[in-house]
Amino acid sequence: MRLRQIVNSLGLGVKAGAAGLDAEVTGAYAADLLSCAMAGARKGNLWITLQGHLNVVAIASLAELAGIIVTEGKPVAVDTLAKADEEGIPVFTTGLTTYEVAGQLWEMGVRF
Amino acid sequence: MGDGSALLSVANGGWLDLRAELHVHTVLSPCAEVEMIPPLIVRRAQELGLGIIAITDHNAAANCAVMIQAAEGTGLQVLPGMETQTREEVHVVCLFDTVEQALTWQGTVFDHLPLQANNETSFGPQFVVDAAGVLVRVEHRLLLTATDLGLEDLIAQVRDLGGVAIPAHVDRPAFGLLANLGMVPAGLQAPALELSRRTSPDEARLTWPELARWPLYRSGDAHCLADMTAGVEVRVKAATVAELAMAFGQTAGRNYAAE
């Protein structure tokens with residue numbers, strides 16, 4: 001499924017890394033511990049988390065993820081956005097909880 | 001502070017009144033600036049009037065010995081330490097008296113870290129250097145990640161080795177104990193809780209009333225020279241971790257300036 005399609009369906013705010021919006025999404029992964037995401041998320045996954053600090057981009061880059069959805073309206077640091085733009089990794093925000101976003105993605109057919 | 005510290009101590013009734021900056025990174029930490037090499041850290045510590053600094057790289061202690069070497073003859077006491085990351089992704093400042101203890105702890109930590117290579121593009125380079133700051137080798141193991149040690153277990157093991165463990169920057173939203181655990185676990189065996197530069201002890205106690213009875217102090221968590229602070233004032237008999245623990249506990253005449 002194309003990332004753009006998901007973004008439109010869920011009404012996600014694109015905050016950075018728009019260069020990566022044409023990526024093919026392989027699935028999704030939800031975790032707030034970075035070490036879990038690093039070990040568990042698969043290449044091309046969308047990462048759902050409420051962490052908005054700089055390290056999330058490093059993890060997404062390392063694990064070759066399709067993008068990061070920061071949930072619950074949590075703040076995304078300015079340096080996170082800058083790094084995401086630099087790396088072309090899309091960062092989205094939503095006011096919904098991780099659980100709700102995961103549910104919506106699941107209903108769209110996105111699996112793990 | 002020259003080597004007259006011994007004289008100062010005698011004149012002061014055996015007491016040392018020192019400023020301690022207990023959270024300093026070197027170039028071994030991937031997120032640290034390239035200026036964090038022994039001679040520059042020592043010089044900055046002297047400019048700040050520090051009597052004690054602790055070297056606390058992420059999950060590693062390889063630059064401790066050379067930091068101690070670089071400070072020889074200056075009167076600055078360097079404590080070998082580490083900033084270890086628990087499985088809950090809480091950062092803990094681990095302080096020791098000897099390099100031997102710190103390296104033993106490093107061995108344990110390496111046993112509990114996932115065996116993964118560092119990615120310099122994502123995290124930054126990790127440099128082991130000599131006392132002059134010249135590159136000795138690159139650390140290829142990923143240091144900026146979590147061990148599988150739980151917080152209480154980590155603290156117990158550090159204490160068993162003769163060190164002290166202090167949860168780092170508990171006020172920080174990322175890798176801070178309060179953010180990740182939601183509260184200070186009952187019965188936590190730490191002499192104090194560390195705050196980041198951004199929060200004073202008074203502010204912290206207002207925001208988190210549960211901190212009322214905890215000794216609190218601010219550290220630089222220095223990743224660049226400008227991050228280093230003038231530290232916390234302590235009154236001790238010697239620059240050792242046991243004395244620091246007593247200072248935070250305000251026991252047996254030891255004390256700390258609670259800002």
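Which residue's side chain meets that of D227(B) in a salt bridge? Look for R197(B), with N and O 3.3 Å apart. That pair gets its own panel below, and everything shown here comes from a predicted model.

**View 1. The whole model, before zooming in.** The prediction comes with an ipTM of 0.83 and a pTM of 0.92. For chain B, the mean pLDDT is 95, and 96% of the residues score at least 70. As a rule of thumb, where pLDDT is low, the predicted coordinates should not be read in detail. Counting over all chains, the structure holds 12 salt bridges; three from chain B are picked out in the views that follow.

**View 2. D227(B) and R197(B), a salt bridge between two loops.** These two sit 30 residues apart in the chain, so this is a link between distant parts of it. D227(B) belongs to the loop between β9 (216-218) and β10, while R197(B) belongs to the loop between β8 (193-195) and α7 (201-207). D227(B) has a relative accessible area of 14% and is therefore buried, as the cut-off is under 20%. R197(B), at 36%, is partly exposed.

**View 3. E233(B) and R19(B), a salt bridge from strand to strand.** Here the closest N and O atoms are 3.5 Å apart. E233(B) is on strand β10 (residues 232-236) and R19(B) on strand β1 (residues 16-24), with 214 residues separating them along the chain. Both partners are partly exposed: E233(B) has a relative accessible area of 41%, and R19(B) has 28%.

**View 4. R44(B) and E47(B), a salt bridge within one helix.** Both residues lie in helix α2 (residues 38-47) of chain B, three residues apart, or about one turn of the helix. Their side chains come to 2.7 Å, N to O. E47(B) counts as exposed because its relative accessible area, 51%, is over the 50% cut-off. R44(B), at 24%, is partly exposed.

**View 5. L244(B), a buried leucine on helix α8.** Helix α8 covers residues 241-249 of chain B. With just 2% relative accessibility, L244(B) counts as buried. What does L244(B) contact, leaving aside its neighbours within four places in sequence? The list is L22(B), I52(B), L79(B), L95(B), V234(B) and V236(B). For V234(B), 10 residues away along the chain, the C-alpha to C-alpha separation is 7.4 Å.

**View 6. Q126(B), a buried glutamine in a loop.** Q126(B) is found in the loop between α4 (99-112) and β5 (127-129) of chain B. Its relative accessibility is 0%, so Q126(B) counts as buried. A polar atom of the Q126(B) side chain lies 2.8 Å from the backbone oxygen of R141(B). Not counting residues up to four places away in sequence, Q126(B) also touches others, among them V27(B), L28(B), P30(B), N118(B) and H140(B).

**View 7. Where chain A meets chain B.** The contact draws 13 residues from chain A and 14 from chain B. Together the two chains bury about 950 Å², 56% of it on carbon and sulfur atoms. On the chain A side, L33(A), M38(A) and L62(A) lose the most area, together 42% of what that side buries. No salt bridges turn up across this interface, but two residue pairs are in polar contact. Helices α2 (34-40) and α3 (55-62) of chain A each supply at least two residues to its side, and α3(A) gives the most, with five. By class, that side has seven nonpolar, four polar and two charged residues.

Methods:
Residues are numbered from 1 along each chain as its sequence is written. Chains are lettered from A and ligands numbered from 1 in the order in which they are written. This is a predicted model: local features need pLDDT of at least 70, side-chain atom pairs count only at pLDDT 80 or more; totals for chains, interfaces and linings use all residues. Side-chain values use heavy atoms; hydrogens and water are left out. Helices (H or I, at least four residues) and strands (E, at least two) are DSSP runs, numbered from the N terminus. Buried means under 20% relative accessible area, exposed over 50%, partly exposed in between (1.4 Å probe, protein chains only). Contact means heavy atoms within 4.5 Å. A polar contact is a pair of N or O atoms within 3.5 Å; within protein, one must be able to donate a hydrogen and the other to accept it, and residues adjacent in sequence count only if both atoms are side-chain atoms. pLDDT is the predictor's confidence in each residue, from 0 to 100. Buried area is the accessible area (1.4 Å probe) that two parts lose on being put together, summed over both. A salt bridge is a side-chain nitrogen of Lys or Arg within 4 Å of a carboxyl oxygen of Asp or Glu. Ala, Val, Leu, Ile, Met, Phe, Trp, Tyr, Cys and Pro count as nonpolar, Asp, Glu, Lys and Arg as charged, and the others, Gly among them, as polar.
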